[in-house]
Amino acid sequence: MSDAAQPTVDEVRAAAEAVKTALDRHLEAIENRSGEDDPAIYAAFDALATAAEAYDELLYEAYDEVTPFEVPSGDTLPEYVGPENPVAISVLIRRDYTVAEPQRLFAQAERIAGADDDTAGDSVNTAVGVLFGEYEPDEIAQRHKEFGLEEGDSTLWVAAAEPTEPGEWLGTPFDHADPQLVICRFDVSAVFDDELDALDPDH
């Protein structure tokens with residue numbers, strides 16, 4: 001980057017002041033919360049994240065230094081380039097689990113399979129196959145502890161799509177997921193809770 005393209009001292013200082021202002025507003029929103037899910041707190045959090053990111057970028061460009069802050073991207077998406085009114089949509093879901101209690105998983109698989117199948121609890125792979133063959137993913141998500149599973153991160157993307165023929169994409173269902181066609185996105189992760197706790201110790 002040339003010297004002419006680098007941010008000026010005033011621009012970096014203005015970005016720093018924007019972070020201070022956003023931090024004050026975030027604390028003010030927390031102190032005046034109207035409830036556990038107060039939208040004002042989320043708005044202030046987003047504003048603080050945006051200001052911190054802008055300051056971090058200018059600081060790096062001007063001085064080759066960074067801040068110690070790392071704010072999760074959440075549902076930030078690239079610019080949408082899909083149709084304004086798509087004629088079809090794709091819903092892409094990923095949920096991660098840790099097999100926290102294998103014996104509980106095995107016991108549930110054996111219960112589901114019944115007395116006629118004594119192999120249901122032979123391995124995690126077999127037990128998971130039995131579990132997902134019996135229950136819808138949403139029910140497993142709601143009852144994961146019963147099955148010896150521990151929730152990890154999850155995400156849901158709703159993307160614009162073209163109508164397809166039955167079975168057309170089943171061979172490679174996730175190969176064409178394009179973030180620029182995502183209409184909306186919903187992420188669930190402990191990292192967001194950690195960040196909110198760091199900014200709001202009383203949360």
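Select D64 in this predicted model: this residue follows helix α2 and has a positive phi, near 60°.

Next, extend the selection back over α2 itself, residues 39-63. The helix comprises 25 residues, and the distance from its first C-alpha to its last is 36 Å, close to the 36 Å expected at 1.5 Å a residue. At the N-terminal end, display the side chain of D38, which caps α2. One of its side-chain oxygens is placed 2.9 Å from the backbone nitrogen of A40. Then colour the buried residues of α2: I41, A44, F45, L48, A49, A51, A52, D56 and L59.

From α2, move along the loop that leads to strand β1 and stop at Y80, which lies in that loop. Y80 counts as partly exposed because its relative accessibility is 31%. Add I89, V91, I93 and I183 to the selection and show the surface: together with Y80, these residues make a nonpolar patch of about 430 Å². Strand β1, residues 88-99, gives the most to this patch, contributing 3 residues.

The last stop is helix α4, residues 124-134. Select A127, V130 and L131, which are buried. Turn the view to look down the axis of α4: the buried residues fall within an arc of 95°, so they line one face of the helix. Finally, select N125 and G133, exposed residues carried on the face of α4 that is turned away from its buried side.

Notes:
Residues are numbered from 1 along each chain as its sequence is written. This is a predicted model: local features need pLDDT of at least 70, side-chain atom pairs count only at pLDDT 80 or more; totals for chains, interfaces and linings use all residues. Side-chain values use heavy atoms; hydrogens and water are left out. Helices (H or I, at least four residues) and strands (E, at least two) are DSSP runs, numbered from the N terminus. The expected span of a helix is 1.5 Å times one less than its number of residues. Buried means under 20% relative accessible area, exposed over 50%, partly exposed in between (1.4 Å probe, protein chains only). A polar contact is a pair of N or O atoms within 3.5 Å; within protein, one must be able to donate a hydrogen and the other to accept it, and residues adjacent in sequence count only if both atoms are side-chain atoms. Patches are made of residues with over 30% relative accessible area and no salt bridge: like charges are joined within 9 Å, nonpolar side chains (Val, Leu, Ile, Met, Phe, Trp, Tyr) within 5 Å. Accessible areas come from the Shrake-Rupley method with a 1.4 Å probe; for residues, only the protein chains shown count as cover. A salt bridge is a side-chain nitrogen of Lys or Arg within 4 Å of a carboxyl oxygen of Asp or Glu. The arc is that of the directions from the helix axis to the C-beta atoms.
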